[in-house]
Amino acid sequence: MGSPESSVWGGERLDLDAYLARIGYAGERAPTLDVLTALHAAHLTALPFENLEVVLGRTVRLDVESLQAKMVRRRRGGTCCEHTLLYAAALESIGFTFTATASRVRMHEPRTRPATHASLRVELDGAEWFTDVGFGAESPRAPLRLRDGEIMRQGGWTYTLAREAGPTPGTQGPLVLRRLRQDGWFDLYAIGTEPRFPIDFTVTSHFTSTHPLSPFHGTLLVQKSAADRRLVLHHTQLTTYLPDLSTDRRQVAAKELPVLLGEEFGVDLDAEDAAALVARYE
């Protein structure tokens, strides 16, 4: 899975040069850990998480051509599914071998949520590496080796993978991605193991975009990650998270949203979209 010959992920339809220019990557193009690590960081830094299409009542299109038009040429971000599919097309084009998985978001809540978060497991030299560029501000800044007890400090942020016990004695549960916070380890999501394919993303995206129980339905959410800070815009509240675990929050006036999105998140809205967003929050 994930080879250019099979073209499962549309790598042959991706303008790789344009994608790499968009994320600011000018290095080697080979299926190695160094390249994977650099691509992961570049994608995460350049392309924000945002669900403006959902908020503005539009269909989220997941074909490679639409992803390129929106996220590469129009300088927009995307949802988890959009990010992962664009990233997968790039990895496939370069020659990586990988599998997509769906994870159950926890965000430290005990309830069981549907497996709606997408990420990739990349095979390199007999080992599996977990790479996720679509979880917004909480996304790890580099791939993690997919094994119990893995701990990695990334630009002031610390992550671990921890194996849970299974539902019955003697069985194993999922690996859980956790981030260190002031009060200890915080569960982000439980990583799935069943392979997923582009058609599965279509089902997931439809649920997260349209179902009333989805946290993205009717809720403006824009996030961007950097080594020294993480920004989260939730409706009109902007929160800045720093590596020392401190936070700063402020309210943003509706008329300020288009400029804020451009300057702080790198999301360029045309006049029509800017006006529609302002009208929604006035």
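Colleague: In this predicted model, what makes the second largest cavity count towards the total, and how many cavities are there of 30 Å³ or more?

Modeller: About 50 Å³ of space lies in the second largest cavity, and the rule asks for 30 Å³ or more, with a count of two cavities as the result. The word cavity is used because a 1.4 Å probe fits there but cannot get out. Its lining is made up of 13 residues, and those nearest the centre are Leu 44, Leu 47, Phe 49, Val 133 and Gly 136. Strand S10 gives the most to that lining, with three residues, and by class the lining has seven nonpolar residues, five polar and one charged.

Colleague: What is the volume of the largest cavity, and which residues line it?

Modeller: The volume of the largest cavity is about 60 Å³. Its lining consists of Thr 101, Ala 102, Ala 115, Thr 116, His 117, Ala 118, Arg 196, Asp 200, Phe 201 and Thr 204. At least two of these residues come from each of S2, S3 and H6, and S3 gives the most, with four. Four of the lining residues are nonpolar, four are polar and two are charged.

Colleague: Why is the space of about 950 Å³ called a pocket?

Modeller: A pocket is an open set of points with protein on both sides within 12 Å along at least five of seven lines, whereas a cavity is a space that the probe cannot leave. The largest pocket, with about 950 Å³ of space, is lined by 39 residues, and Met 107, Arg 113, Pro 215, Phe 216 and Leu 221 lie nearest its centre. Two or more lining residues come from each of several elements, among them H5, S3, strand S8 (172-181) and strand S10 (221-225), while helix H6 gives the most, with five. The lining divides into 17 nonpolar, 15 polar and seven charged residues.

Colleague: What is known of the second largest pocket, and which residues lie nearest its centre?

Modeller: The second largest pocket holds about 210 Å³ of space, and of its 16 lining residues Ser 103, Arg 104, Arg 106, Pro 174 and Ala 190 lie nearest the centre. S2 and strand S9 (184-191) are the elements that give two or more residues to this lining, with the largest share, four residues, coming from S2. Seven of the lining residues are nonpolar, four are polar and five are charged.

Colleague: Which members of the largest nonpolar core touch the most other members?

Modeller: This core has 45 residues, and those that touch the most other members are Tyr 19, Ile 23, Leu 39, Leu 91 and Phe 96. Helix H5 (80-94) is among the elements that give two or more residues to the core, along with helix H2 (33-46) and strand S2 (97-105), and H5 provides the largest share, ten residues. Leu 91 illustrates the packing: leaving aside neighbours within four places in sequence, Leu 91 is in contact with Leu 36, Leu 39, Phe 96, Phe 98, Leu 120 and Val 122. A second, separate core has 17 residues, including Leu 52, Phe 265, Val 267 and Tyr 281.

Colleague: What makes you say that H5 is largely enclosed, and what span should its residues have?

Modeller: Buried means under 20% relative accessible area, and 14 of the 15 residues of H5 are buried, so the helix is largely enclosed by the rest of the structure. For the span, 15 residues at 1.5 Å a residue should cover 21 Å, and the end C-alpha atoms are 21 Å apart, which agrees. Gly 95 follows H5 and has a positive phi, near 115°.

Colleague: Asp 125 and His 235 also have positive phi; where do they lie, and is each buried, partly exposed or exposed?

Modeller: Asp 125, which is not a glycine, has a phi of about 50° and lies in the loop between S3 and S4. Its relative accessibility is 85%, and the cut-off for exposed is over 50%, so Asp 125 counts as exposed. His 235, likewise a residue other than glycine, has a phi near 55° and is placed in the loop between S11 and S12. The relative accessible area of His 235 is 27%, so His 235 is called partly exposed, a class that falls between the 20% and 50% limits.

Conventions:
Residues are numbered from 1 along each chain as its sequence is written. This is a predicted model: local features need pLDDT of at least 70, side-chain atom pairs count only at pLDDT 80 or more; totals for chains, interfaces and linings use all residues. Side-chain values use heavy atoms; hydrogens and water are left out. A nonpolar core is a set of buried Ala, Val, Leu, Ile, Met, Phe, Trp, Tyr and Cys residues joined through side-chain atoms within 4.5 Å. Buried means under 20% relative accessible area, exposed over 50%, partly exposed in between (1.4 Å probe, protein chains only). Contact means heavy atoms within 4.5 Å. On a 1 Å grid over the protein atoms alone, a cavity is a set of points where a 1.4 Å probe fits but cannot get out, and a pocket is an open set with protein on both sides within 12 Å along at least five of seven lines; lining residues have an atom within 4 Å of a point. Grid points are joined across faces, edges and corners, and a volume is the space filled by probe spheres set on the points. Ala, Val, Leu, Ile, Met, Phe, Trp, Tyr, Cys and Pro count as nonpolar, Asp, Glu, Lys and Arg as charged, and the others, Gly among them, as polar. The expected span of a helix is 1.5 Å times one less than its number of residues.
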